[in-house]
Structures are given as C-alpha cells and as structure tokens.
Amino acid sequence: LVRIKKKKESIMAGKAAAVAKTLKGGAKKGKNGSRIHKKTHFYRTKTLELRRNGKYASKVTQVIPKDDKFKIIKSPLTTESAMKKIEDNNTLVFLVDILANKRQIKNAVKELYDIKALKVNTLVRPDGSKKAYVRLTADYDALDVANRIGII
C-alpha cells in the first residue's frame, strides 16, 4: 500500500513538472515566431481603461431664467415680409434667444407688450438666430400694437 502511494506521488510530481515546464515556455509559437491561434474568434486582450479626464465642462449651455423677458425677446423684425404678416395675418415677428421655447416667448410678449398671443411659431434661421411668429388673438390688432411698439 505504501509502495502504491509513493508511485502515485512520483507520477503526480512528474505531471506537475510537465505543466510547470509548459507554463514557463509560454504559448506555442509558429515558424515566424507568432502565436498559434487555435480558436476561430479573436478576442482583444483586456488593457487598462482609464477614467475620462476632460479639459473643459461637457455641458456649456446656459439656462435662461424664465422671468427674464428682456433676454428672451431681442428685437422685433421690420422686414417687408414681417410687415405683410402684421397687416394680413395679425402676427408680429420677433428675433428671440436661441434657447427660448414657445411658452417662454408667449409669456415674454404678454409681459412686455400687454397683449395675448394665440399661438407662437418659431424657426431657426440659417445665420443661427431664432425667429418667432406671434399670432395675436382677435381682440388685439397687430397694426395698433406695432405702432405702439414703434415698428411702424
């Protein structure tokens, strides 16, 4: 029984030495010295991934205060097409802040000029500024309001 145990231990020691030898030798090399790939898929080795270290803040946009009506509406537009809108469609045209939304524009017009807007349409011009078409309710006349503002 003792002899069998010693024989088993010597076999195990031999196996351990063989495994250690293969591990020490590294991966199998081909003729040109490159590693032999035995799998069909190539897995990229896991490398160190450092956390991002930005040089400036990722969010640079500023939030417009909702109550600042003077920042929202920059100026009324006095082009020919704007005058035509005033006369035909009861609509005033303004240049507004690019970050302002329709609700903010509607409230700013209400506070600045004491008029009620029916709806507001906006568009961003190719030069990067935003234009707002403010349609007035039936009880306000755009011509009178334009005279009061000083557009006409």
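When I call a residue buried in this talk, I mean that its relative accessible area is under 20%, whereas exposed means over 50% and partly exposed covers what lies in between. Please also keep in mind that this is a predicted model.

With that cut-off in hand, let me begin with N90, which sits in the loop between α3 and β2. Its relative accessible area is 16%, so N90 counts as buried. The backbone deserves a look here too, since phi of N90 is near 55 degrees, a positive value in a residue that is not glycine. A second residue to set beside it is D114, in the loop between α4 and β3, where phi is again near 55 degrees and the residue is again something other than glycine. D114, however, has a relative accessibility of 56%, and therefore falls in the exposed class.

Let me turn now to the charged side chains. As a general matter, side chains of opposite charge can pair when their charged atoms come close. How many salt bridges does a search of the whole structure find? The search returns 3, and I will take them one at a time.

In one of them, K69 is paired with E111, with 3.6 Å between the closest N and O atoms. This pair links distant parts of the chain, given that K69 belongs to helix α2, residues 69–72, and E111 to helix α4, residues 102–113, with the two positions 42 residues apart in sequence. Both partners are partly exposed, K69 at 23% relative accessibility and E111 at 45%.

Another salt bridge joins K84 to D88, where the closest N and O atoms are 3.1 Å apart. Here the partners are 4 residues apart in helix α3, residues 80–89, which means that about one helical turn separates them. K84 itself is exposed, at 52% relative accessibility.

The remaining bridge brings together the side chains of D127 and R125, at 3.3 Å from N to O. D127 is exposed, with a relative accessible area of 55%, while R125 is partly exposed at 24%.

Now for the rings. The whole structure yields 1 aromatic pair, formed by F94 and Y113, which are stacked, with 5.6 Å from centre to centre and 10 degrees between the planes. Because F94 lies in strand β2, residues 91–96, and Y113 in helix α4, the pair ties together parts of the chain that are 19 residues apart in sequence. Both residues are buried, F94 with a relative accessible area of 0% and Y113 with 15%.

The last residue I would like to discuss is K131, in strand β4, residues 130–136. Which side chain of opposite charge is nearest to K131? It is D127, at 8.8 Å, and K131 is buried yet has no salt bridge. What K131 does have is a polar contact of 3.2 Å with the side chain of Y133. Leaving aside residues up to four places away in sequence, K131 touches L77, V93, F94, N121, T122, L123 and R125. Two of these names have come up already, F94 as a member of the stacked pair and R125 as a partner of D127 in a salt bridge.

Y133 brings in one further lysine, since K85 lies over the face of the Y133 ring, at 5.3 Å from the ring centre. Thank you, and I am happy to go back to any of these residues on the screen.

Note on methods:
Residues numbered from 1 in each chain as written. Predicted model: local features only at pLDDT ≥ 70, side-chain atom pairs only at ≥ 80, totals over all residues. Heavy atoms only, no water. Salt bridge = Lys/Arg side-chain N within 4 Å of Asp/Glu carboxyl O. Buried < 20%, exposed > 50% of the residue type's maximum accessible area, 1.4 Å probe, protein only. Phe/Tyr/Trp six-rings, centres within 6.5 Å; stacked < 30°, edge-to-face > 60°. Lys NZ or Arg CZ within 6 Å of the ring centre and 35° of its normal. Lys, Arg positive; Asp, Glu negative; His and termini not counted. Polar contact = N/O pair within 3.5 Å; in protein donor to acceptor, adjacent residues only side chain to side chain. Contact = heavy atoms within 4.5 Å.
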